[in-house]
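Reader: I have a sequence and its model open on my screen. Could you walk me through some of the contacts inside?

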Amino acid sequence: MSAVPAAVAAFADALRERYDSGRRVQISDSFGEPVVDVPPDAWVETLSFARSRGFEFFDWLTGVDDPPDDFQVVAHVFDPVAMAHLLVRTRVPRADPRLPTVTAVFRGADWHERETFEMFGVVFDGHPDLRPLLLPDGFEGHPLRKDFVLAARVAKAWPGAKEPGESGHGSPGRRRMLPPGVPADWGEGAARAVPEPPHRDG
């Protein structure tokens, strides 16, 4: 682990002492940022304790799909006096991704939790208004999950040629492949089922 700011080191020591065991709290480094990993039942308490120790600025919260079993939920907080960054991270099971809301600790977490719920399907228990934020009404699924089928280029042809020959003119192109995220056996014959757009004269 790289050099840890004094504020983060002091917080980590106090956090370990608070839980009486280093097994519940792990301190590590992720691309130069100090990270505190905690179990879900310590999520709210850890962020509340971080705020009481000077990490008063809530920056962001999001999810990370980590198949096959888990989602990570990550929050970034900042100590503006010590100029210290801190990532607080936990894991929730894919089968039942639930976590208590931290909106009572950081009001700014409201929209971030709504977005994480919408994009990953993580439910934040106790959130005051956990409804869709970005996607249109009736949208099904959670588009930032890795198992979400990216079907746009299968259902609708891409406008314009991407490879030689795709436009129907010129030399033959390479074998067309499915876009990333689309299973090999998904929508067999879907392209043939899409009707050609009407031809406009003139």
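Reader: Where does His 142 lie?

Author: Happy to start there. This is a predicted model in which local features need pLDDT of at least 70 and side-chain atom pairs count only at pLDDT 80 or more, while totals for chains, interfaces and linings use all residues. Residues are numbered from 1 along each chain as its sequence is written, and side-chain values use heavy atoms, with hydrogens and water left out. Helices (H or I, at least four residues) and strands (E, at least two) are DSSP runs, numbered from the N terminus, and in those terms His 142 lies in the loop between β7 (123–125) and α4 (152–155).

Reader: Is His 142 buried or exposed, and which backbone oxygen lies 3.0 Å from a polar atom of its side chain?

Author: Buried means under 20% relative accessible area, exposed over 50%, and partly exposed in between (1.4 Å probe, protein chains only). His 142 has a relative accessible area of 25%, so it is partly exposed. A polar contact is a pair of N or O atoms within 3.5 Å; within protein, one must be able to donate a hydrogen and the other to accept it, and residues adjacent in sequence count only if both atoms are side-chain atoms. For the side chain of His 142, the partner at 3.0 Å is the backbone oxygen of Glu 118.

Reader: How far apart are the C-alpha atoms of His 142 and Phe 120?

Author: Contact means heavy atoms within 4.5 Å, and not counting residues up to four places away in sequence, His 142 touches Phe 117, Glu 118, Met 119, Phe 120, Gly 121 and Phe 148. Phe 120 is 22 residues from His 142 along the chain, and their C-alpha atoms are separated by 5.2 Å.

Reader: Phe 148 is in that list. Are the rings of Phe 139 and Phe 148 stacked or tilted?

Author: Rings of Phe, Tyr and Trp (its six-membered ring) pair if their centres lie within 6.5 Å; planes under 30 degrees apart count as stacked, over 60 as edge-to-face and the rest as tilted. Phe 139, at a relative accessible area of 37%, is partly exposed, and so is Phe 148, at 21%. Their ring centres are 6.0 Å apart and their planes are at 25°, so the pair is stacked.

Reader: Which residues form one aromatic cluster with Phe 11?

Author: The whole structure holds five aromatic pairs. In one of them, the rings of Phe 11 and Phe 49 have centres 5.7 Å apart and planes at 35°, so the pair is tilted. Phe 11 lies in helix α1 and Phe 49 in helix α2, so this pair ties together parts 38 residues apart in sequence. The residues that form one aromatic cluster with Phe 11 are Phe 49 and Phe 55.

Reader: Which element gives the most to the largest nonpolar core?

Author: A nonpolar core is a set of buried Ala, Val, Leu, Ile, Met, Phe, Trp, Tyr and Cys residues joined through side-chain atoms within 4.5 Å. The largest one has 35 residues, and those with the most contacts inside it include Phe 11 and Phe 55. Elements giving two or more residues to this core include α1 (6–19), α2 and β3 (57–66). With six residues, the element that gives the most is α1.

Reader: And Thr 46: which backbone oxygen does its side chain reach?

Author: Thr 46 is in helix α2 (residues 43–52), and its relative accessible area is 0%, so it is buried. Leaving out residues up to four places away in sequence, it touches Phe 11, Leu 15, Tyr 19, Val 38 and Val 88. At 2.6 Å, its side chain reaches the backbone oxygen of Ala 42.

Reader: Over which ring does the charged end of Arg 18 sit?

Author: Arg 18 also meets Glu 45 in a salt bridge (3.1 Å, N to O), where a salt bridge is a side-chain nitrogen of Lys or Arg within 4 Å of a carboxyl oxygen of Asp or Glu. Glu 45 lies in helix α2 and Arg 18 in helix α1, so the pair ties together parts 27 residues apart in sequence. A charge sits over a ring if NZ of Lys or CZ of Arg is within 6 Å of the ring centre and within 35 degrees of the ring normal. The charged end of Arg 18 sits 4.4 Å from the centre of the ring of Phe 49.

Reader: Which residues are linked with Arg 94 in a network of salt bridges?

Author: The search of the whole structure finds eight salt bridges. In one of them, the side chains of Arg 94 and Asp 147 meet at 3.7 Å, N to O. The residues linked with Arg 94 in the network are Asp 65 and Asp 147.
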